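Biologist: Please take one strand of this model and go through its surroundings closely. After that, add what is worth noting elsewhere in the chains.

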Amino acid sequence: MKIESIKTRRYIFLTIAYIFAIVMCLFTVYPIVYTILGSFKTNAELTQGGSFLPSAWHFENYSKAFMENDFLRYGMNSIIVGVGVLVLAVFTTSTAGYVFSRKSFIGKKLIFSLYGALVFIAMGSVTLYPTYTVLSTLHINKSLLGLILALVGGQITNVLLVSGFVTTIPTELDEAAIIDGCSQYRTFFQIIFPLLRPILAVVALFSFRTAWNDYLTSFIISIFTPSIKTLTVAVVQMKYSINAAAEWHVMLAGASISIIPILILYIFAHKQFINGLTAGAVKG
Amino acid sequence: MKITKKRLRESAVAYSLLWPNLLLFICFSLFPVIWMLKYMFFRYGGIGTTETFTGLENFMRVFRDEIYWKSVLNTFEYALGKIIITIPASFALAYILNKKIKGSGFFQSLIFLPTIMSSAVMGLVFYLLFNVYNGEINRMLMGIGLISSPINWLGADHAMHTLIIVAIWGALGNYMVYFLAGLQQIPQEVIESAEVDGATGFRKLWYITIPMMGPILKIILMLAIATAFNDMNMILVLTEGGPYNASMVMTLYAYKFFFPVSAANTVVPQFGYGAALSFVSAIIAGVITILFLRFSRKMSDM
Amino acid sequence: MKKITAVLLIVLALIPSLAFAGGAGEDSSAESSGKTVIRLWTNDRHDATFWTEKVEEYNATNTDNIELSYEIYTDNIWQAVDMAFQTGEAPDIVKYDMYFDKYILDGRFVDLLPYMTDEQKELTEAVWYEGQNYIDGKLYFIPTGNTCLRLFYNKTIFDRLGLEVPETLDEMVNAAVTITNELKGEGIYGFACNLKSASNGLKRSLEPQVERGTGLRLGYDFGTGTYDFTPYIPYLEGWSTMIQQGFPGSESLDIDPLRSQFAAGKIGMYMSYTHAEPGVYVNQFPMAEGQEWGCTYLPIDGDQLYGQYFTGTPGFLFNKDGENFDAAWKAYTAIFLNVDNLREHFEQGFGISSIPAVLETADMGSDYVNNPALLKADDDVMYPKTPEEEYAQDFIVEGLDMYNTFGAIIAGQLDLEDGIADLTKRYNEVNERLISQGVYERIIYPEFARN
């Protein structure tokens, strides 16, 4: 084949590729840009149409969202919940994944098959009410701890993911450690846990993102303890607030407040987000 | 296996590491299932009402319930629409962006962006964008002359399409990254040897890359199906399943029996019926998954 | 890696303390200030600014160290109360809704009569509605105001097109179609309804309109003790025309966006509650320059007038298990049973008062003078409860309920005749079955019979 034609082909491919990629980017980014720009507009600009950029930058939309809607508190709640879920998810999935992959113990067959069975069942909304029942029986339905535990949940998929990952680690490693006199626990925490880092990064990112963005569970649990609302719940509920229809601009400011932290995190760590996910998916 | 001392000791160690997860599993994964399995045989309206055992009555009602079966069809339409567009589009993106073209990382970051957003919050934004009387989308389309009168995006005729568009928006980046992972897994030698054999461009893609992606594609499709059957946050915020159940999906329909969204005076929670609906929905989703597994096994046997 | 593990463990150890800070911290801070905190839950949004101000004033000035926490819930107040009762953490005071009747029957709310002074009894006697809030000699809540359904129309548009304010169904439909035809180009349409949730939208519009014209209540005929939805047909036909040629996207509208469009002068007519709208167009969505609203009775088909339901609102229920009933009652009477506050509330258009002492002394605002239809009329009546309301737990109609059936018919998604026949059949089946099972006896009130 002639070099010329290869070059032309490559040129055509690149053109199509770029056009496709750019169109897709516009599609994915537009609503987010709209949200953030819209959060600086007046309500009239939003509801009656206006230019793409705000005619003047109305920062007071944000102070309104913070002052009148208690977003500082909900933001704190979101951070606590996000970090709490992340830590608990990493901890519980790593131990469980390790045990399932490495240990044989009484009841393993039963427990493992329960996990295996439930991973395929799409439970949907039926879990919400019983989840709440559990929390209220334990008297943690009014605290962020309850919300965190409910959001961590069984982590079935992640446990299986980690378990699969542990299997790829040679058993000689832990055997050698135990021969060296390491206790079972030290073997796990010092030898295995560090090796799980790539997959745990995925678990961490996934669970943080899920917790930060969760609406239904957080909404149901915070229905009657509004002080534990997360940012996401607070923003969505603005739609039903006193002035909802008159305050699209404040609502967009609220949406931006819930988007921007994770956006900033993403700007600094987007490689880790994507690579972490990629690495995890490959090895898992 | 005999229960020996060693085995007991081993079990103790295992459980000492397992319990945090096991406990959460029992409370938040297993218990809801048991709860459902019990209440689907009862009539129960929540606290302040009595539980009545009604046998199979709830199930008889499920099979009579036309709205439910409509919501099942809607779920299929939603899942199918979402998957059929998302999977090829995200694969194409992954394929292009895997080529190390200029700005690949930048494109990846932008396309991945929606996946870190809350679908509920974005549901709110999409409501603003799509509403018929002053939505930005209509204004734009009319501005560039594509349409002459506003499209009723959230009306009965288009609500499902709108939801699918929004779902694709949210899912593209996720599946793109899965595909990227899969592409990077293909050993470079295979590609190179194919190139030595003279395979180029499209042929390389069709005969080498796509078949090599088989196993990953299977996992991705499984994930996509499971997710699509469970999606309801965006739908709840954007349309609440309306208008007139045009965009009602299985999970949301059951949800309304647990937490009546629009509490008109006559609406009461019906936990028993909700549980029965959830059970049947889980079975449907399960059957689909099994069918898919069978099908994909056959495919890979060929 | 060790470091990471260590950090993980520390954070893990910290979580419980962090997490409990959310819920528990609040209670302790309230206790340490020595105040008795009374929680009141309401879902009234239209007058939130008014009452919040009054509550703050009370909290700042009362000498009993009482702090009333006026908490506004959205559409999920019902679930919130359910959950709260389940865990024994129900608020001290909650705004009455028919959904809570089950708790009244369950004896979870306080009979207020023993705590009322003679003065208070005299003040409120006019709103003791037998069978509603006054049951077997016990008074559970005091609805100081009332709300009726009316047609709200844009006077400016009507004047501009020289249209008469409609009194009959046909006139209303004609007006709606005329407005749309004439002014569509300006984005102005004849009629709108918040049909995003058909039940929320139609219970505040079509249903009372049909009641007024036919004497049926939720499809139930108290004369025969049976359901019959056939008389809804002419109304549904009219509505179908008005909605399909009306404001685009009614089927995805909530009430507030509808109001904001009405205030902007884009909607000719819609139906809503009298207690809310005057305040809404002052505080939430001020009418656009030159736009003026008017209010009239719901137009009917024919000339035989029947009763149209009205609701007593707001009334407040007191939790029997609340630890601070005395303080709750004190705060409540000082704020919500205070004649000056009630008068101000009424005068400023936040609600229609039912208390004679308020009505007699109030300075009627121009809204009321110009729109006498805002006030309760003689044909606004309190209906007895239909079987579906009274036995909500048992009366479960499978398939589309009446409102969603109407919604589907109006949108042209369902055949009118078939849909209505099927609806009548399904409601009657449930009614007859429950009667034959002995759940209740046929509910008949001759004084509410259709002629």
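Modeller: This is a predicted model, and the part chosen here is strand β7 of chain C, residues 149–154. Six of the six residues of β7(C) are buried, so the strand is largely enclosed by the rest of the structure. The burial concerns both faces of β7(C): C:Leu149, C:Leu151 and C:Tyr153 are buried on one side, and C:Arg150, C:Phe152 and C:Asn154 are buried on the other.

The neighbours in the sheet come next. β7(C) belongs to an open sheet of four strands in chain C, with the order β8-β11-β7-β12 and mixed pairing. The edges of this sheet are taken by β8 (189–191) and β12 of chain C; each has a single partner strand, so one side of each is left without a neighbour in the sheet. From one strand to the next the twist averages 30°. Helix α12 of chain C, residues 277–284, packs on the sheet and touches β7, β11 and β12 of chain C. The direction of α12(C) makes about 120° with that of β11(C).

On one flank, β7(C) runs antiparallel to strand β11 of chain C, residues 267–273, and five bridges join the two. On the other, strand β12 of chain C, residues 293–296, is also antiparallel to β7(C), with four bridges between them. C:Leu151 has a bridge partner in each of these strands: C:Met271 in β11(C) and C:Thr296 in β12(C). C:Asn154 stands opposite C:Trp293 of β12(C).

Two backbone details lie elsewhere in chain C. The peptide bond joining C:Thr313 and C:Pro314 is cis, with omega about -5°. C:Pro314 sits in the loop between β14 (311–312) and β15 (316–318) of chain C. C:Asn65, which is not a glycine, has a positive phi of about 60°. This residue is in the loop between α2 (48–61) and β2 (66–72) of chain C, and C:Asn65 is partly exposed, with a relative accessible area of 37%.

In chain A, A:His139 likewise has a positive phi of about 60° without being a glycine. The loop that holds A:His139 lies between α6 (128–137) and α7 (144–152) of chain A, and the residue is exposed, with a relative accessible area of 67%. A:Ser39 is buried, at a relative accessible area of 0%, and is found in the loop between α1 (3–38) and α2 (43–48) of chain A. Leaving out residues up to four places away in sequence, A:Ser39 touches A:His58, A:Asn61, A:Tyr62, A:His249, A:Leu252, A:Ala253 and A:Ser256. The domain assignment divides chain A into domain 1 (3–48) and domain 2 (70–238), with C-alpha centres 36 Å apart.

Chain B adds a helix pair. The axes of α3(B), residues 66–97, and α10(B), residues 214–230, come within 9 Å and cross at roughly 145°; the crossing is right-handed. On α3(B), the residues in contact include B:Phe76, B:Tyr78, B:Ile83 and B:Ile87, while those on α10(B) include B:Leu217, B:Ile220, B:Leu221 and B:Phe229. By class, the contact has twelve nonpolar, two polar and one charged residues.

Technical notes:
Residues are numbered from 1 along each chain as its sequence is written. Chains are lettered from A and ligands numbered from 1 in the order in which they are written. This is a predicted model: local features need pLDDT of at least 70, side-chain atom pairs count only at pLDDT 80 or more; totals for chains, interfaces and linings use all residues. Side-chain values use heavy atoms; hydrogens and water are left out. Domain bounds come from an automatic or database domain assignment. Axes are lines fitted to C-alpha atoms, for helices over the stretch in contact, and angles run from 0 to 180 degrees between N-to-C directions. A crossing is left-handed if the near helix is turned anticlockwise from the far one by less than a right angle, and right-handed if clockwise. Contact means heavy atoms within 4.5 Å. Ala, Val, Leu, Ile, Met, Phe, Trp, Tyr, Cys and Pro count as nonpolar, Asp, Glu, Lys and Arg as charged, and the others, Gly among them, as polar. Buried means under 20% relative accessible area, exposed over 50%, partly exposed in between (1.4 Å probe, protein chains only). Two strands pair if DSSP finds at least two bridges between them.
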